[in-house]
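Q: Please choose one part of this model and go through it closely, from the pairing of its backbone to what surrounds it. I would like each term pinned down by its cut-offs as it comes up.

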Amino acid sequence: MKKLLILVLLLAGLHPAKSQTLQDFRRDSLRRAYDRETIFVFANGTRFAKGGQAYSSGLGQRNLQKEFEFSPYGMAEYRGYRKLKNISSILTVASLGTTIVGLTQVGGNRGRSYWAWWGAGIAIGLGNGVVSGMANNRLQQAVWIRNRDALTSPAN
């Protein structure tokens, strides 16, 4: 039993003691600031997470917009996102409208007018896909800039 105790003490003595260095403290502090201050947008921009809590973006994404108030460049990107998102919404309605008009006005006639309405609906829909993708990229860029500003602001 004595030999086992001596072996355990010897092994414990050989294991280096670990203390928190200044670098470890800064890394932990940055991690806490990251967890507390940064946001993550999900569910197509309708929700965001901050500090381990999920929040609704709100009507017209007002709650999300408030998160960009302290970041001028992030807010500029966010405004660009909102413009593209509005254009995308208009294109969605236009695409649906041309498809419905094509179906109701032309009916069973498969002439040029029928295919023109369908072609217009598809073209507008494809354009909407491009604009929607650009909007989502702009939102991700806005969040990235906002999070960078949140971590580098003097308050943190």
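The answer below deals with the sheet, its turns and its surroundings.

A: This is a predicted model, in which local features need pLDDT of at least 70 and side-chain atom pairs count only at pLDDT 80 or more, whereas totals for chains, interfaces and linings use all residues. Residues are numbered from 1 along each chain as its sequence is written, and side-chain values rest on heavy atoms, with hydrogens and water left out.

The protein has five helices and three strands, these elements being DSSP runs numbered from the N terminus (helices H or I, at least four residues; strands E, at least two). Read from the N terminus on, their order is α-α-β-β-β-α-α-α. The strands form an open sheet in the order E1-E2-E3, with antiparallel pairing. Strands E1 and E3 stand at the edges with a single partner strand each, so one side of each is left without a neighbour in the sheet. From one strand to the next the twist averages 25°, an angle taken on a scale of 0 to 180 degrees between the N-to-C directions of lines fitted to C-alpha atoms, for helices over the stretch in contact.

The pairing can be followed strand by strand, with two strands taken as paired if DSSP finds at least two bridges between them. Strand E1, residues 39-42, runs antiparallel to strand E2, residues 47-50, and four bridges join the two. Within this pair, Ile39 stands opposite Lys50 of E2, Val41 has Phe48 of E2 as its bridge partner, and Phe42 stands opposite Arg47 of E2. On to the next strand, E2 is joined by four bridges to E3, residues 53-56, again in an antiparallel arrangement. Here Phe48, the bridge partner of Val41, stands opposite Tyr55 in E3, and so this one residue of E2 can be followed from E1 across to E3.

The side chains of E1 show how the two faces of the sheet differ in exposure. In a regular strand the side chains alternate between the two faces of the sheet. Along E1, Ile39 and Val41 point to one face and are buried, while Phe40 and Phe42 point to the other and are not buried; burial here means under 20% relative accessible area, exposed means over 50%, and partly exposed lies in between (1.4 Å probe, protein chains only). As a background for these states, 24% of the 156 residues of the protein count as buried.

Helix H5, residues 112-152, lies across E1 and E2 and runs at about 165° to E1. For the fold as a whole, residues 24 or more positions apart account for 48% of the contacts with a separation of 6 or more, where a contact means heavy atoms within 4.5 Å.

The turns that link the strands deserve the same attention, particularly in their phi values. Most residues other than glycine have a negative phi, and most peptide bonds are trans. The hairpin of E1 and E2 has four residues between the strands, and there Ala43 takes a positive phi near 55°. Asn44 belongs to the loop between E1 and E2 and has a positive phi of about 60° although it is not a glycine. Asn44 is also exposed, with a relative accessible area of 57%. In the hairpin of E2 and E3, which has two residues between the strands, the positive phi is that of Gly51, at a value near 60°.

Beyond E3, the loop that leads to helix H3, residues 62-66, holds Gln61. Gln61 is a residue other than glycine with a positive phi, near 55°, but Gln61 is buried, at a relative accessible area of 8%, whereas Asn44 is exposed.

Two serines farther along the chain complete the view of the surroundings. Ser88 lies in helix H4, residues 72-106, and is buried with a relative accessible area of 6%. Leaving aside residues up to four places away in sequence, Ser88 touches Asn128, Val131 and Ser132. Ser153 is found in the segment after H5 and is partly exposed, with a relative accessible area of 22%. The C-alpha atoms of Ser153 and Phe70 are separated by 9.3 Å, although these residues are 83 residues apart along the chain.
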